[in-house]
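User: Please take a close look at the enclosed empty space in this one and at what surrounds it. Keep it chatty, but give me the cut-offs.

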Amino acid sequence: LKPTSRTSTPTGLNGRRALPPNVSNEEEDEVPTMETIGLMPRGFTLKDALEVQEIFLFNREYDRNKREHHTDKYYNLKLIVRRGQPFHIQITFTRQYNPEKDQFWIEYVIGRYPQENKGTYIVVPLVQELQSGKWGATITHSNDRTIDLNVMPAANCIVGKFRMYVATLTPAGILRTRRNPNTDTYILFNPWCAEDSVYLDDEQERQEYVLNDLGTIFYGDPESIRTRSWNFGQFEEGILDACLYLMDKAQLDLSGRGNPIKISRVGSAMINSKDDEGVVVGSWNNMYEYGVPPSVWTGSVDILLEYHSSKQPVRYGQCWVFTGVFNTFLRCLGIPARVVTNFSSAHDNDANLQMDFFLDENGKVDSHLTKDSIWNYHCWNEAWMSRPDLPVGFGGWQVVDSTPQENSDGMYRCGPASVQAVKHGHVCFQFDAPFVYAEVNSDVVYLKAMKDGRRIVQKVDKTHIGKLIVTKEVGTNRMKDITGLYKFEEGTEEERLALETALMYGVKTHRAQDVVPSTEVDMDFVVGDTTLGNDIKVKITFKNNSQTRYTATAYLSGNIVFYTGVAKCEFKNHNFDVTLEPMKAQTVEVLIKSSEYMSQLLEQAFLHFFITARVNETENILAKQKTIALKIPPLVLKVNICSCMRFIALYRQNHTNLFHCRDVGRNLTWESKCIPKREGPQKLMASLSCDALRHVYGELDIHVQKTVPSCTSL
């Protein structure tokens, strides 16, 4: 017995009879309260029927359902449960329930065109004993007119907001409860359920990757790694509905919303606005007149709520903003997720595993021929799920990336790509594994561009790309190195086999495997104190490993770069000669004055140094490049106890105060007040942005006590 749809089947010359696509969780159709079956029996009245008087869902945050389902943190008064795990409800009838005569059942409906075979209309059978991972309901207690039930959702059911009805069978037909929004029930993914496709067997990891609403994002460069906290805020008021709206906006059919593969792939497209008017507009040109600079954001809540209310993309974001918002989306729906940073990340347009840097015959960089860029760092997400579409062993962490870089199946999205498949070179497995493999495994190739058109490989650097891949450690804010999850150590048999596998599966390459770099002369350099506003010393060391005396002509180019590795302008151009005595090292120091770079700085204050040298006697070219992040002064935050325990900008309150000031001198001080909503550890975060300086950030850990003492002032 199914609800009767009041919507007629569309007519036309399409030769088919089908319902329209069911792509909206929010839309609904009328379900009849009375479905008659045959003729009304003589003498029967509805007063004799078993009718529902009240339904109690135990949906408060302190009730058993939310506590047992780990949903007690959601700021939402409706029942929120996880699939594959029973929850408790109580039904009161208008008269005593007689199991020998009376028949009732529970119905869950989602969307406008519910169908039982699509999982959008569910009749929950009354059973003697619940079966693991399958829909069912069992009576646990009966007292006069009230019965208690345990209801088990299927472990693979649709994730979303369901409408609930209780139906009773009467001699006249089916009698249903009326539409009541208070009984709406959210069903989420369940990492605690072994039958769920997102099952995660470690409790500490579940606490971190599902329930932790505050994270740490790492950025900068490997030698000067910076951190900033990010408020995911997946439990805040309105966020769950905003995340469900994203799937409606993407027109993902409701029948596919029980599949984390489909949801994460749709999410990676919807978080950016590139081709579908998604959540965040990306901007990498340092121009933010029509919105908020990416560095100002400290969390996802304001972004998602603004998008949900305005239905317009929010301006602006860069990779860590896309990643932070995507992490909120995944964790909010119950998919374990974490933020990952890849330092020296290759953006390989043609997936040939090669970043080509062209040098002229004198060793200077040819900017016209050099088109590849290396991102100083790039952030993406990993989502935990099984992969039944792949061979056994490729489930677990999957790369999903919402930063719009390359088109995938007609949209700007990436993943899910199995991390295990990337490591072992199985790039034939969907989705977008070749692109991710290239991000962490490309070679940096230096080629001499000859005047006759020849390209001569001078050096191949196999360790520059993907040199460090990190995430937040479980239970702490420390950094965890996960490079070994993505790639084998360079030069090992396993690394060679992974490369051969990738090549076998069609990854293009022009890698110069047979190039044997000269070891007679080596060159390296270090950059001294990199505090913003100070002069910088670059020390270049040449080492002659031969018995021959050489001379070299060297060239240093200093550039202001975006964090994507794209140069804005050159601020330093310096040539020098060096004599290399046999079996000795020679160090040359180049001074960079602050006045040379300060006026041209971009928001993240990255400087890129490219040093090349031509050994005159052999015409061999040495090349080395590094990107450094200048040390930016932090914001210092303090908390004062005043008038009834009011605090400044707490992350769990998710209320952002915006201040404007005309001029900033050496010191800037402002005050803000707010009232914390929750007890326990909390974090205060602040960011400062101006045209001359961005990514100025500070945070402070505080603890809010449950009881508020009498008003005091410190």
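Analyst: Starting with the largest cavity, it holds about 70 Å³ of space. A cavity here is a set of points on a 1 Å grid over the protein atoms alone where a 1.4 Å probe fits but cannot get out; points join across faces, edges and corners, and the volume is the space filled by probe spheres set on them. Bear in mind that this is a predicted model, where local features need pLDDT of at least 70 and side-chain atom pairs count only at pLDDT 80 or more, while totals for chains, interfaces and linings use all residues. Numbering runs from 1 along each chain as its sequence is written, and side-chain values use heavy atoms, with hydrogens and water left out.

Ten names make up that lining (residues with an atom within 4 Å of a point): Trp284, Gln318, Val561, Phe562, Tyr563, Leu602, Glu603, Gln604, Ala605 and Phe606. By class that's 7 nonpolar, 2 polar and 1 charged, where Ala, Val, Leu, Ile, Met, Phe, Trp, Tyr, Cys and Pro count as nonpolar, Asp, Glu, Lys and Arg as charged, and the others, Gly among them, as polar.

In total, the structure has 5 cavities of 30 Å³ or more. The second largest holds about 60 Å³, and its lining splits into 3 nonpolar, 4 polar and 4 charged residues. Among them are Glu208, Tyr209, Arg331, Arg338 and Lys472. Helices H2 (203-211) and H6 (319-333) each supply at least two lining residues, and so do strands E12 (214-221), E16 (337-346) and E25 (468-472). Those labels are DSSP runs numbered from the N terminus: helices are H or I with at least four residues, strands E with at least two.

Let's follow H6 outward. Its axis and that of H4 (residues 260-270) come within 10 Å and cross at roughly 155°, with axes fitted to C-alpha atoms over the stretch in contact and angles running from 0 to 180 degrees between N-to-C directions. That makes H4 roughly antiparallel to H6, the label for angles over 145 degrees. Contact (heavy atoms within 4.5 Å) involves Ile263, Ser264, Gly267 and Ser268 of H4 and Phe326, Phe329, Leu330 and Leu333 of H6. Those residues divide into 5 nonpolar, 3 polar and no charged.

One backbone oddity to finish: the peptide bond from Arg315 to Tyr316 is cis, with omega near 5°, and Tyr316 sits in strand E15 (residues 314-317).

Terms used:
1 Å grid on protein atoms, 1.4 Å probe; cavity = no way out; pocket = protein on both sides within 12 Å on 5 of 7 lines; lining within 4 Å. Parallel < 35°, antiparallel > 145°, perpendicular 65-115°, else oblique.
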